[in-house]
Amino acid sequence: MANLDYLSILSVAVPVYLTMGAGALARRTGLLKPEADVSLMKLSVMMLTPALIIERVVGNPAVMRLTPVLLAAGLGYALVALGIAFTYLVAPLIGLKKGEGRRTFSVACGLQNYGFVAIPIVKALFPDQGTIGVLFTFTLGVELACWTVGVGLLTGLGKAPWRLALNAPVITILTSLMLNFTGLHAHVPLVAHNTFEMLGACAVPLAVLLIGASIADLWGQGAMQWKVAIVSPILRLGVIPIAFLLAARYMPVSVELKRVIVVQGAMPSAVFNIMIARLYGGHAPTAVQVVMATTIVSCVTTPLVIAWGLRFVGA
């Protein structure tokens, strides 16, 4: 896409947020029942998303060599870990203490919505297969950071459920990369690619609808923590992206990876952070506040950060 200015990127980002809104509306009107969420999300994560990954990674020229893949995954891990560590140090400045939301605030600010919000934006801005394939290799590192640094901060590193990093999407990415590295990708039949393409096309819209429904469930829960609601967007959407943009500009990475890093840096907090807080001893109300505040503010900031960031990093 030529001339990636603010308006052109806004036109790509708005449908993602409108789809979230459609999910929220479906929840409020009873069209999408809460009891359907678990089965639909399992369908997305266990079948549809792996199909999308196979279709976009297998045979992708941008992810045929081990060194660039390791660099992308390493940056995914390092940038998330850096964001979590930075916000952990900042949290006491707004009165958050351990046991009162400090660790949850750090994880929620540091772990961006790296999947189902980033994917449709990357696909729309950069329809070439290369960039979306690199996105999936970047998320390998993000997943590992989530289950080690993120959950480890909440539970203690010795108790972190590291094995959960080997989930269906990660296993699919690793398998797809192995097919590429061994040359077996050339033997995947066209009918399989076409099937994976059809299934994969359903993954992102369904997941974004479910994200919108989840946000509708969270809306209005608990008293507003203004210090969290104000500071979290500043950190997640204003300060942390600086590290992403500097890495994209000065690290010896491909144009595709530069694009991925810029988009990832512009993302709001992952809705998944709320589940992490609830399951692993975090402070769930803080996670809700961070997710809600950063998602709302990102409607304006995400196109700005992407538009300016792509020019800054030369991508």
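Which helix does V149 lie in? Let's work through this and two further exercises on a predicted model.

**Exercise 1.** Place V149 in its helix, then find what it touches.

*Solution.* Start with the secondary structure: V149 belongs to helix α6. Next, look beyond the residues up to four places away in sequence: V149 touches Y77, A81, I84 and L144. Finally, pick A81 from that list and check the backbone. A81 and V149 are 68 residues apart along the chain, yet their C-alpha atoms are separated by 6.3 Å.

**Exercise 2.** Decide whether D37 is buried or exposed, and list its contacts.

*Solution.* First, locate the residue: D37 sits in helix α2, which covers residues 37–57. Then take its relative accessibility, 16%. Buried means under 20%, so D37 counts as buried at 16%. Last, set aside residues up to four places away in sequence; D37 then touches R27, L32, L210 and D217.

**Exercise 3.** Describe the largest nonpolar core and say which of its residues touch the most other members.

*Solution.* Begin with the membership: this core has 77 residues, and I121, F138 and L257 touch the most other members. Now ask which helix gives the most to the core: helix α6, residues 129–155, with twelve residues. Then see what lies apart from this core: another one, of eleven residues, including L96, C109, L235 and V290. To finish, zoom in on I121. Leaving aside neighbours within four places in sequence, I121 is in contact with V12, A13, V16, V263, M267, T302 and I306.

Key: Residues are numbered from 1 along each chain as its sequence is written. This is a predicted model: local features need pLDDT of at least 70, side-chain atom pairs count only at pLDDT 80 or more; totals for chains, interfaces and linings use all residues. Side-chain values use heavy atoms; hydrogens and water are left out. Helices (H or I, at least four residues) and strands (E, at least two) are DSSP runs, numbered from the N terminus. Buried means under 20% relative accessible area, exposed over 50%, partly exposed in between (1.4 Å probe, protein chains only). Contact means heavy atoms within 4.5 Å. A nonpolar core is a set of buried Ala, Val, Leu, Ile, Met, Phe, Trp, Tyr and Cys residues joined through side-chain atoms within 4.5 Å.
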